[in-house]
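Subject: Structure handover

Hello,

Here is the structure I promised to pass on. Please open it next to this email and follow along.

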Amino acid sequence: MSVDGKSSITLMKTLQTSTKVYSICPYDVNRFIVGTVGDRRHARVIGLNGQESDIQSLTFPDKTYRAGYCYCTYLPSDGVLAVTDCSKNTVQLYQIGTGTSKTVKDDRIQYPAGICGAQGRLFVTSWGTHTVVEMTVQGEIVKCHDVGMKPITISVSQDGGHMVVGDNVYGGTSINVFKMEYA
């Protein structure tokens, strides 16, 4: 899709995929990374031309997820793919290129659903604690933001100044916008 100066959206093409897709984020100017459902490849790369490929340097656990149990995001400036596992209350951090990975497990992360990244930080919704967990790309938890809802979806502006959190997936009806200030 493309957006013009008047904020209208025009469908450019439809891509058929070989797997069900549950999350999507940019990879580079011509490709994006998708989180999968029911596929042992938890994340795949899809080009604007429709070509699909695996992320060669990564090895995922031999597990499939149903919808709502695994989300991913990619931070191109850090080369980090972050994948949530709602059933294990973990975030897996993969370093694309080296193939190394790290599991982040902490009591402050309960039912991690939505995930996004900006400015070298990851933001993970923690539905079970009504917070958004902010962490570094190395997995160090920086802060837990109380958002007063059971957060499911999240987006952070690229400059890291605003965070938008939604709880509408499981019966909620609000989207909250937060201004973020750093000391």
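**The β3-β4-β5 stretch**

In β5, R44 is the bridge partner of V34. Keep in mind that this is a predicted model. Now build outwards from that pair. β4 and strand β5 (residues 43–47) run antiparallel and share 5 bridges. They form a hairpin, with 5 residues between the two strands. Look for G38 in that turn: its phi is positive, at about 70°.

β4 also pairs with strand β3 (residues 20–28). That pairing is antiparallel too, and it has 7 bridges. One place to check it is V21, which stands opposite T36 in β4. A hairpin links β3 to β4 as well, and this one passes through 2 residues.

How much of β4 is covered? Mostly covered is the answer: of the 7 residues in strand β4 (residues 31–37), 6 are buried.

**The chain as a whole**

Now zoom out. The chain has 17 strands and 0 helices. Its C-alpha atoms fill a box of roughly 45 × 40 × 35 Å along the principal axes.

What radius of gyration would a compact globule of 183 residues have? It would be near 16 Å; the chain has 16 Å, so the two agree.

Of the 183 residues, 45% count as buried. The chain exposes about 10000 Å², and carbon and sulfur atoms supply 50% of that area. Contacts tell another part of the story. Take those between residues at least 6 apart in sequence: 35% of them join residues at least 24 apart.

**The four-strand sheet**

Next, find the open sheet with the order β7-β8-β9-β10. It has 4 strands, and the pairing is antiparallel. Its edge strands are β7 (72–75) and β10 (101–105), and each of these pairs on one side only. From one strand to the next, the twist averages 20°.

Zoom in on β9 and β10. These two run antiparallel and are joined by 5 bridges. Use Q92 as a marker here: it stands opposite T103 in β10.

**S87, in a loop**

Stay in this region for S87. Where does S87 lie? Look in the loop between β8 (80–85) and β9 (90–95).

Is S87 buried or exposed? Neither label fits, because its relative accessibility is 47%, and S87 therefore counts as partly exposed. The cut-offs explain this: buried means under 20%, and exposed means over 50%.

S87 has a polar partner. Its side chain makes a polar contact with the side chain of D85, at 2.7 Å. Leave out residues up to four places away in sequence, and S87 touches K63 and Y69. For a sense of distance, try R41. S87 and R41 are 46 residues apart along the chain, and their C-alpha atoms are separated by 17 Å.

**The three-strand sheet**

Move on to another open sheet. Its 3 strands come in the order β15-β16-β17, with antiparallel pairing. β15 (153–156) and β17 (175–179) are the edge strands, each pairing on one side only. The twist here averages 15° from one strand to the next.

How many bridges join β15 to β16? There are 4, and the two strands run antiparallel. Strand β16 covers residues 162–166. To see one facing pair, find T153, which stands opposite G166 in β16.

**H145, in a strand**

The last stop is H145, in strand β14 (residues 141–146). Its relative accessible area is 17%. The cut-off for buried is under 20%. H145 is therefore buried.

What does the side chain of H145 meet? A polar contact of 2.6 Å joins it to the side chain of E134. Set aside the neighbours within four places in sequence, and H145 is in contact with H130, T131, V132, E134, M163 and M180. Note that E134 turns up in that list as well as in the polar contact. M163 is worth finding on screen too, as another contact of H145.

**Where to begin**

If time is short, start with three places. Look at V34 and its bridge partner R44. Then visit the loop that holds S87. Finish at the side chains of H145 and E134, joined by their polar contact.

Best wishes

Definitions and conventions:
Residues numbered from 1 in each chain as written. Predicted model: local features only at pLDDT ≥ 70, side-chain atom pairs only at ≥ 80, totals over all residues. Heavy atoms only, no water. Buried < 20%, exposed > 50% of the residue type's maximum accessible area, 1.4 Å probe, protein only. Contact = heavy atoms within 4.5 Å. Polar contact = N/O pair within 3.5 Å; in protein donor to acceptor, adjacent residues only side chain to side chain. Pairing = 2+ DSSP bridges. Axes fitted to C-alpha atoms, helices over the stretch in contact; angles between N-to-C directions. Rg over C-alpha atoms; globule rule 2.2 N^0.38 Å. Areas by Shrake-Rupley, 256 points an atom, 1.4 Å probe, with all protein chains shown as cover.
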